[in-house]
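Welcome! Here are some short exercises, each with a worked solution, to help you find your way around a new structure. Have a look at it first, then work along.

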Amino acid sequence: MDLATYSGGMPGMPGGGGMLGSLFGGGKGGNVFGNTQAGPAGRWMDVTLYSRSKPDMREATQQVPEGSRLAPVLKLLSPVEGKPVPLDTPDEVTEQPEYHKPKGKILLYWGCGTEVRKGQPRVLDMAKASPAELARFFQSRRATTRGAHSTPGRPIWPSKPDNRLIPEGASLVGEHGFSGDGVPEGFRFTLGAAHDLMPAIVLKQQDQGNAWDLSWQPMAQAQAWFLASMSMRGEDEMVVWTSSEQADMGFGLLDYQPNAAVQRWLKDKVLLKPATTACSVPKEAMGEAGMLRMIAFGEELNLVHPPRPKDLKAPWQPIWAVKLRLKSVATSMPGMDMGKMMKDAAKQEAEDTKKAPGAIDLLKGIFGK
């Protein structure tokens, strides 16, 4: 199970989550599998179920709590007809993203602060760089493993027969369970508040002349934070900044990461501590026409039944297992105050409703509801 919350984006991009979701979102419209990877503004869940006893499983159901407002069950369906993928394919292998070699020069800045630090930026001339220099420059930590995925023989949600949106204010706290041909009896588990859908990040920006002051509200579920921006300077220079205290491009960090990796990178000062609520960025390091992204890492949950014995040599045959990943991601631009924009949009929406009956319906029709 993958849970993701997205906020921000570019005004006018299509997306789900009602009028405000459409206004600040982007990506695919409606509730489709894969929105946890690159979805519009809103709260999303992807589920994949597979069974060793029935590798060609076609369908199943997931019991969900009343607070989800999707109760009593979700309908899972195998995405396409085809040959099931062997279950021996490991889920814990780190997935490596593909990078396309850019042209021109890349300037890398890192760390929070109002002034550009000594020794920055690190500059890479793509026309002259050797393979070794490229490898050093593009260093980016990443430990993302496979989570929910779409493969024949493994029922998923959302599915064609059940693509309901997660209602506003819904919670997944409570008992969940799976059933279907090939699903073991008694496959039930409980999610607590720590593993519920995460709230949206509302990233605020304040112009301090030579720097941007970024701030956000604390989040109880956040295990760590990370920010990164990318922009162009002229026609052939790309400017990259990350909040890491070490020179890291950040390409691999804006995704789910296992708990052990998050804790390791906190110690290395690559990620910001959970209690952090602010970070300043020199304007030179962020540029003016770029994109700023921020992620809050939730705690990954791994359950197995029966639990592994303390004696590692003792016989152990797990019957079922659950892996749940959490993240909240915000997208913005230098100078774009998401909090203010959302408040202004909500205020305008209320005023339009008072002025002209049916105006809000017209706006919803324009932006996609």
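**Exercise 1.** Find which residues Met45 touches, not counting residues up to four places away in sequence.

*Solution.* Start with the contacts, meaning heavy atoms within 4.5 Å. Met45 touches Met1, Asp2, Leu3, Thr36, Leu74, Trp157, Pro158, Ile166 and Leu172. Next, place Met45 in its wider setting: the largest nonpolar core has 49 residues, and Met45, Leu214, Trp216 and Trp225 touch the most other members. Such a core is a set of buried Ala, Val, Leu, Ile, Met, Phe, Trp, Tyr and Cys residues joined through side-chain atoms within 4.5 Å. Strand β17 (residues 320–332) gives the most to this core, with five residues. Finally, a second, separate core of 19 residues includes Tyr6, Val262, Leu271 and Phe297.

A word on the model before going on: it is predicted, so local features need pLDDT of at least 70 and side-chain atom pairs count only at pLDDT 80 or more, while totals for chains, interfaces and linings use all residues. Residues are numbered from 1 along each chain as its sequence is written, and side-chain values use heavy atoms, with hydrogens and water left out.

**Exercise 2.** Decide whether Trp157 is buried or exposed, and trace its link to Asp162.

*Solution.* First, Trp157 lies in strand β7; strands (E, at least two residues) are DSSP runs, numbered from the N terminus. Its relative accessible area is 0%, so Trp157 is buried (under 20% relative accessible area; exposed is over 50%, partly exposed in between; 1.4 Å probe, protein chains only). Then look for Asp162, which sits in the loop between β7 (156–157) and β8 (174–179). Asp162 also counts as buried because its relative accessibility is 4%. The backbone oxygen of Asp162 is 3.0 Å from a polar atom of the Trp157 side chain. Beyond four places in sequence, Asp162 also touches Val73, Leu74 and Lys75.

**Exercise 3.** Work out how β10 and β11 pair.

*Solution.* Strands pair if DSSP finds at least two bridges between them. Here β10 (residues 204–207) and β11 (residues 211–215) pair in the antiparallel sense over four bridges. Lys204 stands opposite Ser215 in β11. The two strands, β10 and β11, form a hairpin with three residues between them, and Gly209 in the turn has a positive phi of about 90°.

**Exercise 4.** State the mean pLDDT of the chain.

*Solution.* pLDDT is the predictor's confidence in each residue, from 0 to 100. The chain's mean is 84, and 78% of its residues reach 70 or more. Over residues 10–28, however, the pLDDT is below 50.

Note on methods:
A polar contact is a pair of N or O atoms within 3.5 Å; within protein, one must be able to donate a hydrogen and the other to accept it, and residues adjacent in sequence count only if both atoms are side-chain atoms.
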